[in-house]
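Dear colleague,

I am passing a structure on to you, together with some notes on what was found in it. Please keep the structure open beside this email as you read.

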Amino acid sequence: RVEEICIRIRTVEFPGASPDQTVFLTNAASTLSGSEYVRSKLATVAQYDFLPLYLQRGYLKAAFGPPEPHVVTGSEPKPEAPPSNEIEVDAMLPVTPGKVYSVSGVTWAGNSTVASDEASRLFHLVTGQPANPVRLARDEESLSKLYRSRGYMKVQIKPQAQIDDENATVHYDININEGDLYKMGELEIAGVDSSSKDRLREAWTLREGDAYNANYTRKFVDDAPRLLPRGLQFSVKLDEELDEKSKAVDVTIHFKVQ
């Protein structure tokens, strides 16, 4: 970065990428055209926007090198021209894709509440297909939601990738710590009149002592406005307080007129 001169990106190029990789990288980089060139920001974009494009295609060891700006011929200030504080560059972002790794197998450990067959249906780990750690992270969240719908509010899901470089395969060990079962505690509703509270409490079917269901609570919050006075817009805030001693979840739903 240079002070008092605005360096703008004309294009982003990816030395080391294959033609088909260049297509998806160039599409992703199109929004950078015309933006200011800042090396640290471009490196961040590479890490969080471009690298996942490789990871989801099985390139588990893809890596981007430091960005390098190449001044576009004719954009630099000329001695005879009026002073200009703008320069265009083509940003070079070298990439080393590496190998495509395929899934060789999956092993489950620590799960009892959710059977391995049921958990596997939420995961897209197909033997012989390219590994996709981006999708794996979403699958982890899906399984975590399933556990929380059954009262296991502190479940921990930790996949470990065992990479075989020689055969370009990866075996996943998915270790689960289910934690304690939490039950429904007290329900508190705030910010609405007494008749609305009564309607909301009557509609609430998760009773104290039942296994807590985090999915039910969120759906209830989404559906709650239809039970409130018409013509008013409400914002909703949900608080779930875990009581470690009683292993219960106390729920408070705050409504506020917009």
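In this predicted model, Tyr216 and Phe220 both belong to helix α6, which covers residues 214-223, and they are 4 residues apart, or about one turn of the helix. Their ring centres are 6.2 Å apart and their planes meet at 35°, so the pair is tilted, since that angle falls neither under 30 degrees nor over 60. Phe220 has a relative accessible area of 9% and is therefore buried, the limit being under 20%, whereas Tyr216, at 21%, is partly exposed.

The count of aromatic pairs comes to 11. One of them joins Tyr147 and Tyr152, which are arranged edge-to-face, with 6.1 Å from centre to centre and 90° between the planes; both Tyr147 and Tyr152 are buried.

Other ring pairs link Phe14, Phe24, Phe50, Tyr54, Tyr59 and Phe64 into a cluster, and the charged end of Arg57 sits over the ring of Phe24, at 3.9 Å from its centre.

There is also the nonpolar core to look at. The largest one has 24 residues, and those with the most contacts inside it are Val12, Phe14, Leu25, Phe50, Tyr54 and Phe64. At least two residues of this core come from each of β1 (6-13), α1 (19-29), α2 (39-55) and β4 (86-92), and α2 gives the most, with 6 residues. If neighbours within four places in sequence are left aside, Phe64 is in contact with several residues, including Phe14, Leu25, Ala46, Phe50 and Pro94.

With best wishes

Notes:
Residues are numbered from 1 along each chain as its sequence is written. This is a predicted model: local features need pLDDT of at least 70, side-chain atom pairs count only at pLDDT 80 or more; totals for chains, interfaces and linings use all residues. Side-chain values use heavy atoms; hydrogens and water are left out. A nonpolar core is a set of buried Ala, Val, Leu, Ile, Met, Phe, Trp, Tyr and Cys residues joined through side-chain atoms within 4.5 Å. Buried means under 20% relative accessible area, exposed over 50%, partly exposed in between (1.4 Å probe, protein chains only). Contact means heavy atoms within 4.5 Å. Rings of Phe, Tyr and Trp (its six-membered ring) pair if their centres lie within 6.5 Å; planes under 30 degrees apart count as stacked, over 60 as edge-to-face and the rest as tilted. A charge sits over a ring if NZ of Lys or CZ of Arg is within 6 Å of the ring centre and within 35 degrees of the ring normal.
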